[in-house]
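The exercises below are meant to be worked through with the sequence and the model side by side. Try each task before reading its solution.

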Amino acid sequence: MKKRVALLLTSVLLVGILAACGTSEKKEENTSGNKDKKVLVMGTSADYPPFEYVETSKSDEIKGFDVDIAKAIGKNLGYEVQVKDIDFNSLVPALENKSVDFVISGMTPTPQREKSVDFSDIYYTAKNMIITTKGSKIKTVEDLKGKKVGVQLASIQETLATDLNKSKDIGLKVEKRNRIPEIIQEMVAKRFDAVIIEDTVAKGYLKDNPDLVGYEIETGEEDAGSAIAFQKGSDLTADFNAELNKMLDNGEMEKLILKWFGGSETE
């Protein structure tokens, strides 16, 4: 009788273990892009303060304007948002191979990117700046003639520098790096004559580096804006877009702009 009871208990335990394993495996079957899951992975390049960055002296948490937007939308839709730091030039491929569900990283919709991913509406518009060292004679695009200029790889600034070369025939030498701090450091070390970055990001570096100066670039064209990127055909695009427009309409976006940009950009 004892043997039978022991055998029965063993069978019950074995069934319980197998059931638990089956449940675990089922949970792990959720892949990026599955709308039924409650966790979404956000891809970003955390080197772009105040949009997304890590304050290493305090923690390894990725925070910023874009992160707040993503988490606010995720909360409203019933998702937990997990943030994944990826080099900027690898963000679109990360969407294509489904290792992230969406990307928010100050990314501008361009015809080339729109071939690979879908975009939300524009949520923020900024300008571009030339950053150089004090004492430099560089103040305008024309002053960049024949100069070595640093830009972030695969960014809108890389495209801008390339277009300026073609339209103005100034022969600037475009140097590409993965991260914004890299191009700033190389310029401070005088390996670059100047860098081109977004004005909102530039303001942070100008504040922290008194030896740097910045000049806004006037191209005469409409300023590029930032949007959220999604996998092609993702249901999340419409869901996020609806919540994004609610934030623009009800003042939530303006509050975040004031929080992160100190009220300098409220349009």
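**Exercise 1. The nonpolar core**

Find which residues have the most contacts inside the largest nonpolar core, and state which helices and strands supply at least two residues of this core.

*Solution.* Begin with the core itself, which in this predicted model has 43 residues, and in which F65, I69, F102, Y123, I197 and I228 have the most contacts. Next, trace where the core residues come from: at least two are supplied by each of strand 1, strand 9 (128-133) and strand 12 (194-198), and likewise by each of helix 2, helix 6, helix 7 (199-208), helix 8 and helix 9 (252-261). As a background remark, nonpolar side chains in soluble globular proteins tend to be buried together. Finally, take F65 as one example and set aside its neighbours within four places in sequence: the residues in contact with F65 are then P50, F51, Y123, Y124, M253, L256, I257, W260 and F261.

**Exercise 2. The five-stranded sheet**

Work out the order of the strands in the open sheet of five strands, and explain which strands stand at its edges.

*Solution.* The order to be read off is 5-1-6-15-7, and the pairing in this sheet is mixed. Strand 5 (80-85) and strand 7 (117-119) are the edge strands, because each has a single partner strand and one side of each is therefore left without a neighbour in the sheet. Helix 2 (residues 65-77) packs on the sheet, where it touches strand 1, strand 5 and strand 6, and its direction makes about 150° with that of strand 5. Helix 8 (residues 236-250), for its part, lies across strand 1, strand 6, strand 7 and strand 15 (229-231), and it runs at about 155° to strand 15.

**Exercise 3. The surroundings of strand 1**

Decide how many bridges join strand 1 to strand 5, and how many join strand 1 to strand 6; then judge whether strand 1 is largely enclosed or not.

*Solution.* Taking strand 5 first, strand 1 runs parallel to it and is joined to it by six bridges. Turning to strand 6 (residues 102-103), strand 1 (residues 39-44) is again parallel to its partner, here with two bridges. Single residues make this easier to picture: G43 stands opposite K84 in strand 5, while G43 also stands opposite V103 in strand 6, and M42 has F102 in strand 6 as its bridge partner. Because five of the six residues of strand 1 are buried, this strand is largely enclosed by the rest of the structure.

**Exercise 4. The three-stranded sheet and a cis bond**

Describe the open sheet of three strands, and locate the cis peptide bond from P49 to P50.

*Solution.* This sheet has the strand order 2-3-4 with antiparallel pairing, and strand 2 (47-48) and strand 4 (62-63) are its edge strands, since each pairs on one side only. Strand 3 (residues 52-54) is paired with strand 4 over two bridges, and V54 has I62 of strand 4 as its bridge partner. The cis bond from P49 to P50 has an omega near 5°, and P50 itself lies in the loop between strand 2 and strand 3.

**Exercise 5. Positive phi values and one helix face**

Examine the backbone at K98, D169 and K190, and then explain why the buried residues of helix 6 line one face.

*Solution.* It helps to recall that most residues other than glycine have a negative phi. K98 nevertheless has a positive phi of about 65°, and its place is in the loop between helix 3 (91-96) and strand 6. D169, whose phi is near 50°, is found in the loop between helix 5 (156-168) and strand 11 (173-177), and it is exposed, with a relative accessible area of 65%. K190, which follows helix 6, has a positive phi near 65°. In helix 6 (residues 180-188) the buried residues include I180, I183, I184, E186 and M187. Seen down the axis of helix 6, its buried residues fall within an arc of 165°, and therefore they line one face of the helix.

Notes
Residues are numbered from 1 along each chain as its sequence is written. This is a predicted model: local features need pLDDT of at least 70, side-chain atom pairs count only at pLDDT 80 or more; totals for chains, interfaces and linings use all residues. Side-chain values use heavy atoms; hydrogens and water are left out. Two strands pair if DSSP finds at least two bridges between them. Helices (H or I, at least four residues) and strands (E, at least two) are DSSP runs, numbered from the N terminus. Contact means heavy atoms within 4.5 Å. Axes are lines fitted to C-alpha atoms, for helices over the stretch in contact, and angles run from 0 to 180 degrees between N-to-C directions. Buried means under 20% relative accessible area, exposed over 50%, partly exposed in between (1.4 Å probe, protein chains only). The arc is that of the directions from the helix axis to the C-beta atoms. A nonpolar core is a set of buried Ala, Val, Leu, Ile, Met, Phe, Trp, Tyr and Cys residues joined through side-chain atoms within 4.5 Å.
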